[in-house]
Amino acid sequence: MLETGTKAPDFTLPSETGDPVSLSSLKGQRVVLYFYPKDNTPGCTKEACSLRDSIEDLKVRNATVIGISPDSPESHRKFKEKHSLPFHLLSDPEHKTMEMYGAYGEKMLYGKKTIGVIRTTYIIEEDGTIGKVFRKVSTATHGEDVRKALEERQRG
């Protein structure tokens, strides 16, 4: 897991359109980078819709949202269209970027240890450093939680 103050590792992954998106191409913007397990599942849908519903508040704070899961670009395209998501969803089927960010590995699921995507969000500042890490995510309120964190970081 990466810590605040460290440089966010660059990556390039295909978006829902199949076009590549790189973190380095977003330099100068804050990036809300969230990792989630699967399109169209209840928790992931709540989280994506919560971020969607807060998007104007996030844009005002110079933040761009990017979601990453192992799903295919086609799955992402359908998920994005179904829920009117105004941000890119990137495909990481081999979990390489997720592993770099500590968002894939051993976790507890229904009381059992399992290997999979660890729901995690990073706020990456304009200079490419990690400003905040959400290790515990409330899917229903995540957009509001991110907005509050961005506000706190702006106030210093």
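Contact here means heavy atoms within 4.5 Å. The structure is a predicted model, in which local features need pLDDT of at least 70, side-chain atom pairs count only at pLDDT 80 or more, and totals for chains, interfaces and linings use all residues. Residues are numbered from 1 along each chain as its sequence is written, and side-chain values use heavy atoms, with hydrogens and water left out.

**Exercise 1. Describe the surroundings of Glu-47 and state whether Glu-47 is buried or exposed.**

Step 1. Locate the residue: Glu-47 sits in helix H1. Helices (H or I, at least four residues) and strands (E, at least two) are DSSP runs, numbered from the N terminus.

Step 2. Read the accessibility. Buried means under 20% relative accessible area, exposed means over 50%, and partly exposed lies in between (1.4 Å probe, protein chains only). Glu-47 has a relative accessible area of 0%, so this residue is buried.

Step 3. List the contacts. With neighbours within four places in sequence set aside, Glu-47 is in contact with Tyr-34, Tyr-36, Arg-119, Thr-121, Val-137, Thr-139 and His-142.

**Exercise 2. Summarise the fold and the overall dimensions of the protein chain.**

Step 1. Count the elements: the protein chain has 5 helices and 9 strands. Their order along the sequence is β-β-β-α-α-β-α-β-α-β-β-β-β-α.

Step 2. Test the radius of gyration, which is taken over C-alpha atoms; the globule rule is 2.2 Å times the number of residues to the power 0.38. For 156 residues, a compact globule would have a value near 15 Å, and the 14 Å of the protein chain agrees with that.

Step 3. Add the extents: the C-alpha trace spans about 40 × 30 × 30 Å along its principal axes.

Step 4. Look at sequence separation. Among contacts between residues at least 6 apart in sequence, 64% join residues at least 24 apart.

**Exercise 3. Characterise the surface and the charges of the protein chain.**

Step 1. Take the buried share: 47% of the 156 residues count as buried.

Step 2. Take the area, from the Shrake-Rupley method with a 1.4 Å probe. The accessible surface comes to about 7700 Å², and 51% of this belongs to carbon and sulfur atoms.

Step 3. Count the charges. Lys and Arg count as positive and Asp and Glu as negative, while His and the chain ends are not counted. The place of a charge is NZ of Lys, CZ of Arg, CG of Asp or CD of Glu. There are 24 positive and 23 negative side chains, and the centres of the two sets lie 4 Å apart.

**Exercise 4. Identify which residues touch the most other members of the largest nonpolar core.**

Step 1. Fix the term: a nonpolar core is a set of buried Ala, Val, Leu, Ile, Met, Phe, Trp, Tyr and Cys residues joined through side-chain atoms within 4.5 Å. In soluble globular proteins, nonpolar side chains tend to be buried together.

Step 2. Name the residues. The largest core has 21 residues, of which Leu-33, Ile-68, Tyr-101 and Tyr-122 touch the most other members.

Step 3. Assign the elements. Strands E3 (30-35), E4 (63-69), E8 (120-124) and E9 (130-134) each give two or more residues to this core. The largest share, 3 residues, comes from E3.

Step 4. Separate the other core. Apart from the largest core lies another of 20 residues, including Val-32, Tyr-36, Phe-87 and Ala-149.

Step 5. Examine one member. Leaving aside neighbours within four places in sequence, the contacts of Ile-68 include Phe-11, Leu-13, Leu-33, Leu-90 and Met-98.

**Exercise 5. Compile the backbone and surroundings of Asn-40 and Asn-62.**

Step 1. Check phi. Asn-40 has a positive phi of about 60° although it is not a glycine; for Asn-62, also not a glycine, phi is positive at about 60°.

Step 2. Place the residues. Asn-40 is in the loop between E3 and helix H1 (42-53), and Asn-62 is in the loop between helix H2 (55-60) and E4.

Step 3. Read the accessibility. Asn-40 is partly exposed at 38% relative accessible area, and Asn-62 is partly exposed at 33%.

Step 4. Find the partners of Asn-62. Its C-alpha atom is separated by 5.8 Å from that of Gln-29, 33 residues away along the chain. Not counting residues up to four places away in sequence, Asn-62 touches Gly-28, Gln-29, Arg-30 and Glu-126.
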